[in-house]
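Please work through the exercises below with the sequence and the coordinates open beside you, and try each task before reading its solution.

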Amino acid sequence: VQLQASGGGVVQAGGSLKLSCAASGRTFSVGGGGWFRQVPGKEREFVTAIKGGSSSTYYADSVKGRFTISRVNAKNTMYLQMNSLKPEDTAVYYCAATARRYAGSRYYTEQDRYDYWGQGTEVTVSS
C-alpha cells in the first residue's frame, strides 16, 4: 500500500487547511489511519487517528476541537481538516495507515503500530 499526502501550504494564523491522504489500497477502513507531525529538531508526534470499522477518532490535546479527521472508504482517502490554525501547528504532516485494527485508542497514537507512511506535506502557519 502506498500513501500520498497532499494539501499542505502556507496559511495565516486563524485560517484553515485540509490535508488529504490517498491510499493505493483499502486500508483506512480495515485497520485505520492517523496523522502525525514533525518539526525540525523534534520527534514526530501524534496528531489524530481514526479506527477502521467503527471510525472512532482520537486527538492529541493540542488539536482537540480544532482538527477533524475523516475518511471516505470508497475513495480510500483520509482527510485532516485543520481550523483555527496556530503558528505552533507549523510542521511536516505525515499520514499513516495500519493493516491491523486495534482494540484501544492508545495503540493508534503509537507510530510503531502503523505499517504504511506517506511522504509528508508541509504546513506553515504565519503569525
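The exercises that follow concern a predicted model, and each task is followed by a worked solution.

**Exercise 1. A buried charged pair**

Task: Find which residue forms a salt bridge with Asp 89, and decide whether each partner is buried or exposed.

Solution: Begin with the whole structure, where a search finds six salt bridges. One of them joins Asp 89 to Arg 37, with the closest N and O atoms 3.0 Å apart, which satisfies the limit of 4 Å for a salt bridge. Next, place the two residues: Asp 89 lies in the loop between strand S8 (77-82) and strand S9 (91-98), whereas Arg 37 belongs to strand S4 (residues 32-38), so the pair ties together parts that are 52 residues apart in sequence. Then turn to accessibility, for which buried means under 20% relative accessible area. Asp 89 has a relative accessibility of 0% and therefore counts as buried, and Arg 37, with a relative accessible area of 5%, is buried as well.

**Exercise 2. The surroundings of Asp 89**

Task: Establish which side chain makes a polar contact of 2.7 Å with the side chain of Asp 89, and which residues Asp 89 touches.

Solution: The polar contact of 2.7 Å is with the side chain of Arg 66. If neighbours within four places in sequence are left aside, Asp 89 is in contact with Arg 37, Arg 66, Phe 67, Ser 84, Val 123 and Val 125. Of these, Ser 84 is found in the loop between S8 and S9, and this serine has a positive phi of about 50 degrees although it is not a glycine. Ser 84 is partly exposed, with a relative accessible area of 40%.

**Exercise 3. Charges with some exposure**

Task: Determine which residues form salt bridges with Glu 110, and how accessible these residues are.

Solution: Glu 110 forms a salt bridge with Arg 106, the closest N and O atoms being 3.0 Å apart. Glu 110 also pairs with Arg 113, and here the closest N and O atoms are 2.8 Å apart. On accessibility, Glu 110 is partly exposed at 24%, Arg 106 is partly exposed at 48%, and Arg 113 is partly exposed at 27%. Elsewhere, salt bridges that share partners join Arg 37, Glu 45, Arg 66 and Asp 89 into one network.

**Exercise 4. A buried arginine without a salt bridge**

Task: Work out which side chains make polar contacts with the side chain of Arg 71, and how far away the nearest side chain of opposite charge is.

Solution: Start with location, since Arg 71 sits in strand S7. Arg 71 is buried yet has no salt bridge, and the nearest side chain of opposite charge, Asp 115, is 14 Å away. Polar contacts are nevertheless present: one of 3.0 Å joins the side chains of Arg 71 and Ser 55, and another, of 2.7 Å, links the side chain of Arg 71 with that of Asn 73. Beyond four places in sequence, the residues touched by Arg 71 include Phe 28, Ile 50, Met 78 and Tyr 79.

**Exercise 5. Strand S7 and its hairpin**

Task: Describe which side chains of S7 point to each face, and how S7 and S8 run relative to each other.

Solution: The side chains alternate along S7, with Phe 67, Ile 69 and Arg 71 pointing to one face and buried, while Thr 68, Ser 70 and Val 72 point to the other and are not buried. S7 and S8 run antiparallel and are joined by six bridges, and Val 72 stands opposite Thr 77 in S8. The hairpin of these strands has four residues between them, and in it Asn 76 takes a positive phi near 50 degrees. Asn 76 has a relative accessibility of 22% and counts as partly exposed.

**Exercise 6. The nonpolar core**

Task: Identify which residues have the most contacts inside the largest nonpolar core, and which strand gives the most to this core.

Solution: The largest nonpolar core has 33 residues, and those with the most contacts inside it are Trp 35, Phe 67, Met 78, Met 82 and Tyr 93. Several strands each supply at least two residues of this core, among them strand S1 (3-6), strand S3 (17-23) and strand S11 (121-126). S9 gives the most, with five residues. For a local view, take Met 82, whose contacts beyond four places in sequence include Leu 17, Leu 19, Phe 67, Tyr 93 and Val 123.

Definitions and conventions
Residues numbered from 1 in each chain as written. Predicted model: local features only at pLDDT ≥ 70, side-chain atom pairs only at ≥ 80, totals over all residues. Heavy atoms only, no water. Buried < 20%, exposed > 50% of the residue type's maximum accessible area, 1.4 Å probe, protein only. Core = buried A, V, L, I, M, F, W, Y, C linked by side-chain atoms within 4.5 Å. Contact = heavy atoms within 4.5 Å. Lys, Arg positive; Asp, Glu negative; His and termini not counted. Polar contact = N/O pair within 3.5 Å; in protein donor to acceptor, adjacent residues only side chain to side chain. Pairing = 2+ DSSP bridges.
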